Amino acid sequence: MGVDGETVVLKNMLIGVNLILLASLLQPSECQLEVTTKRVQGQAVEEEGGVANYNASGKERPVVFNHVYNINVPLDSLCSSGLEASAEQEVSAEDEALTEYTGQTSDHESQVTFTHKINLPKKACSCASSARLLQELLSRIEMLEREVSVLRDQCNSNCCPESAATGQLDYIPHCSGHGNFSLQSCGCICNEGWIGKNCSEPYCPLGCSSRGVCVDGQCICDSEYSGGDCSELRCPTDCSSRGLCVDGECVCEEPYTGEDCSELRCPGDCSGKGRCVNGTCFCQEGYVGEDCGQRRCLNACSGRGHCQEGLCFCEEGYQGPDCSAVAPPEDLRVAGISDRSIELEWDGPMAVTEYVISYQPTALGGLQLQQRVPGDWSGVTIMELEPGLTYNISVYAVISNILSLPITAKVATHLSTPRGLHFKTITETTVEVQWEPFSFSFDGWEISFIPKNNEGGVIAQLPSDVTSFNQTGLKPGEEYIVNVVALKEQARSPPTSASVSTVIDGPTQILVRDVSDTVAFVEWTPPRAKVDFILLKYGLVGGEGGKTTFRLQPPLSQYSVQALRPGSRYEVWVSAVRGTNESQSTTTQFTTEIDAPKNLRVGSHTATSLDLEWDNSEAEVQEYKVVYSTLAGEQYHEMLVPKSIGPTTRATLTNLVPGTEYGVGISAVMNSQQSVPATMNARTELDSPRDLMVTASSETSISLIWTKANGPIDHYRITFTPSSGIASEVTVPKDRTSYTLTDLEPGAEYIISITAERGRQQSFESTVDAFTGFRPISHLHFSHVTSSSVNITWSDPSPPADRLILNYSPRDEEEEMTEISLEATKRHTVLMGLQPATEYIVNLVAVHGTVTSEPIVGSITTGIDPPKDITISNVTKDSVMVSWSPPVATFDYYRVSYRPTQVGRLDSSVVPNTVTEFAITKLYPATEYEISLNSVRGREESERICTLIHTAMDNPVDLIATNITPTEALLQWKAPVGEVENYVIVLTHFAVAGETILVDGGSEEFQLVGLLPSTHYTVSMYATSGPLTSGTISTNFSTLLDPPANLMASEVTRQSALISWQPPRAEIENYILTYKSTDGSRKELIVDAEDTWIRLEGLSESTDYTVLLQAAQDTDRSSLTSATFTTASARKLLTTKATIGTS
């Protein structure tokens, strides 16, 4: 394209752009001006690899580059562009077309034309924002001008590489119409058959191979050659037009042959086995057929087959080159072997008339036997063979009395299974086994003892003439599988097996130690066998009271036996139990200690005596040994006290040292046994100075004398009180026995008392009345008043009297006074045997020679007596009943007091005087209480009588038996409120003495095992805690009927089966046997209880059966036990079997 042409185009484009810019300035709007570039092709162009193809020829066809620019205005603008129409004019359809400005430049030398088209719509919009867009359009046009300028410079050399142009280039090259112009090579690529710079020269293939002349692109070959490039040799006579010429040779069509395909061909070229003459084969000897391709067959296949390729294809049942021989059976196989039979199977044709089976032992001298079976059989069982022998077996097929060759096998029968295996003796470590002998020869036996857990085992081999064996060294309580196998050379018979369990060994080396009065500790060596529990029994020697039994869980090897009777001879047995088997018991005897006396207490004490009382021992003791001494170990004494009849025994210790603490021990004695002692410490009272007397008196003094107190003291204390009431004291050394009181009031009466003191201990006082000057007896003093006694003291007369006379009687019986004569030195006395709640009149006179002084008179009322004979009854967990006998004296009411001996408050209740029993309630279970009782009148109370009791334990509740099976049941209960050490369960059945089971106090259930099936049980249960036992609760249950065991089917044939089982342990009436097949048929039979087998007849062949068996007793039924079996099938046609027995 020339520069002038481009300039004209660009000027026209700029004029249009200026007009658009002017319109946009005159008519502002919100329209948007869009500028796009569109390529317009003047001709259809196909691009591939930068090469343009075209069909025109000649240099006058130029390469045209078109650049089209479309300036589009938005469609929603209705304003005119202002180029040819005003705003008032209506735009027509023609005006809607684009206005096209075209500029074109041609270079006739290079035949390249550049065309620029700018299309503007006549309907344009004057938009206020179009200035920027027009400026962008202007910039793009300038950029296009620069690109075209660059393109022109690059194409000045007549080479226009594709990479030199920017944008889309549309062109049609010039290659004489016989090739393509390539931009890469800047030249033509000619089509096949054309060559030259512009593809204008024709071209022949391979230059006619230099064997011909190229004319208008086609080869004219020399006479000996042919083909498009004259490269092929010419065939003779062109193959007579009956074939193809390939490399100078004819490939003839059928049925022609020869060098020039002029001769006829024989079929198959006579297969190379004959001579071809004018299309006919003359065959060699032994061959026939049009093409001599078939061989002649031997003997024409004997008329028992057809000939093919010289080979006979025999009819079924025949074989051989000429089909003259009978075919033997095929695939002889052994289907089963026993000790006396061999089961054979084979495959054979239907044409066989019969089969001959021949068999003979391989050993020398063996007799050969035969058997014939029909030809439609395909198997046979040879019976009555010798066990453990090897047989040569031949099977022949027979057709029309012609025997085939045999098919053979060498088969050995099994050794017979040993029979009659049983056990003669079974101990803890040995088992003696016996079995039946064989009637045929063999090498020996092998016997094995294999534990059920397959850990270890013993195997022994024995001579053939041995039929018993004693195996030693087994584990106790172990289950063994015993197998006996017969041996012959390398063969082994099927084993006969049985299971046996050695006897469980029991505990050994039983020892009883730490025996006390109520407890003994039993130890033993556990058994080696695995056991369910240890059974411990104990009871008094001689059988009194029966036996107590405990089930202890292994591996426990010791147990503390409690609640024994003191001083008694016991025997204890320990054995092991597993299932229903119990080992031999290990036993020993022991004697419990004598129990010590209990609740040792001091009833009363004086300066020289102690009154002791204790509760008797439970043991049948004869006497008690009382040992006492001072704490310093001095004055050791022993004494024997016979046991008193009743709950307690008493003893009085005399000639004791006053004011001294003694240690006392009391032991129960029975025969040569002696219990541990019950001990306590007790102190005697200080001895009082006695015989306090006035030896002289004056107006201001009184002289005293007394008898020295025995025992150790610190000093004496003399207290003297005049009638004025101001007491004075004086301390006198302990070695003095007299003292004179001075500076006294003249003519006054004094009460003088003397006591001995040691530390804080003080003796009873000795008192005397005295006067300064002359004094009679005065001041009768009453003390220690009880319901039946009173202590009386008085003052000394002055001067001393010769004797004293004391008289007393009830007030209303004064005429019948009781008189007591007393020594003159006496200053006190005790009146005994008085009536309770009675006022007594007492008078005392002093006798001086024949003169009797005036009596001094006093009165005293005895106290009310307490209730008697307190007893406790109806003891429950929270209440007791207290009963008593009423006192003699009248009273207002009783007071009953009670409190726990350990910790607790004292509670009291008032009981009317008309009642002699009272129920104490709201007590705590299993608690020791002290209960006291006295009578009350006004503010006066009698002495208390006391007793100790234990409230009962709370009972366990809701005892039930669940999960009941024929041999087991689960006991469950709810625990009582208090603490429980143990539960005692007593299990009885059929009125048999109960079995006692001890269960830990923390449990609330216990699994009973080893029960008898179909048995009614009674379970009694109570709780224990120390010496306390709760009330007994009970429940009943019955175990289920146990089912028959080891149900199995044997001797199964096509229509029968033998069903056998082991009977249950429980007594039953009969069995209910049901058998059903898969087709839904079902039958039920009632079988006698004595039977353990039944043969089912009339079954269907090849049918699966299920047998269900249960035991029945009255309305009870055991659980079902089942077994399955399948009846045998009869062989059909070719699969029929026969059983053959030798004769």
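1. A quick definition before we get to the pocket: here a pocket is an open set of grid points with protein on both sides within 12 Å along at least five of seven lines, and its lining residues have an atom within 4 Å of a point. Please keep in mind throughout that this is a predicted model.

2. On to the pocket itself. The largest one has a volume of about 970 Å³. Its lining takes in 36 residues, and those nearest the centre are Ser688, Phe764, Glu765, Asn791 and His828. Strands β51 (598-605), β59 (690-697), β64 (749-758), β66 (766-771), β67 (781-783), β68 (790-793) and β71 (828-831) each give two or more residues to this lining.

3. For the overall picture, the chain has two helices and 99 strands. Of its 1143 residues, 41% are buried. Contacts between residues at least 6 apart in sequence join partners at least 24 apart in 57% of cases. The accessible surface of the chain is about 61100 Å², with 48% belonging to carbon and sulfur atoms.

4. You may like to look at Tyr1075, which sits in strand β93 (residues 1070-1077). Tyr1075 counts as buried because its relative accessibility is 8%, and the cut-off for buried is under 20%. Beyond its neighbours within four places in sequence, Tyr1075 has contacts that include Leu1085, Leu1096, Leu1099, Tyr1105 and Val1107. Leu1108 is 33 residues away along the chain, yet its C-alpha atom is 6.1 Å from that of Tyr1075.

5. At the surface, Val213, Val215 and Ile220 make up a nonpolar patch whose accessible area is about 260 Å² together. Val213 belongs to strand β11 (residues 212-215). With a relative accessible area of 51%, Val213 is exposed, since exposed means over 50%.

6. Two residues deserve a look for their backbone angles. Gln509, in strand β43 (residues 508-513), has a phi near 50 degrees, a positive value in a residue other than glycine. Asn963 is likewise not a glycine and has a positive phi of about 50 degrees; its place is the loop between β83 (957-962) and β84 (969-974). Gln509 is exposed at 65% relative accessibility, and Asn963 is exposed with a relative accessible area of 56%.

7. One last backbone point, on the peptide bond from Pro554 to Pro555: is it cis or trans? The bond is cis, with omega near 10 degrees. Pro555 falls in the loop between β46 (547-552) and β47 (558-561).

Methods. Residues are numbered from 1 along each chain as its sequence is written. This is a predicted model: local features need pLDDT of at least 70, side-chain atom pairs count only at pLDDT 80 or more; totals for chains, interfaces and linings use all residues. Side-chain values use heavy atoms; hydrogens and water are left out. Patches are made of residues with over 30% relative accessible area and no salt bridge: like charges are joined within 9 Å, nonpolar side chains (Val, Leu, Ile, Met, Phe, Trp, Tyr) within 5 Å. Accessible areas come from the Shrake-Rupley method with a 1.4 Å probe; for residues, only the protein chains shown count as cover. A salt bridge is a side-chain nitrogen of Lys or Arg within 4 Å of a carboxyl oxygen of Asp or Glu. Helices (H or I, at least four residues) and strands (E, at least two) are DSSP runs, numbered from the N terminus. Buried means under 20% relative accessible area, exposed over 50%, partly exposed in between (1.4 Å probe, protein chains only). Contact means heavy atoms within 4.5 Å. On a 1 Å grid over the protein atoms alone, a cavity is a set of points where a 1.4 Å probe fits but cannot get out, and a pocket is an open set with protein on both sides within 12 Å along at least five of seven lines; lining residues have an atom within 4 Å of a point. Grid points are joined across faces, edges and corners, and a volume is the space filled by probe spheres set on the points.
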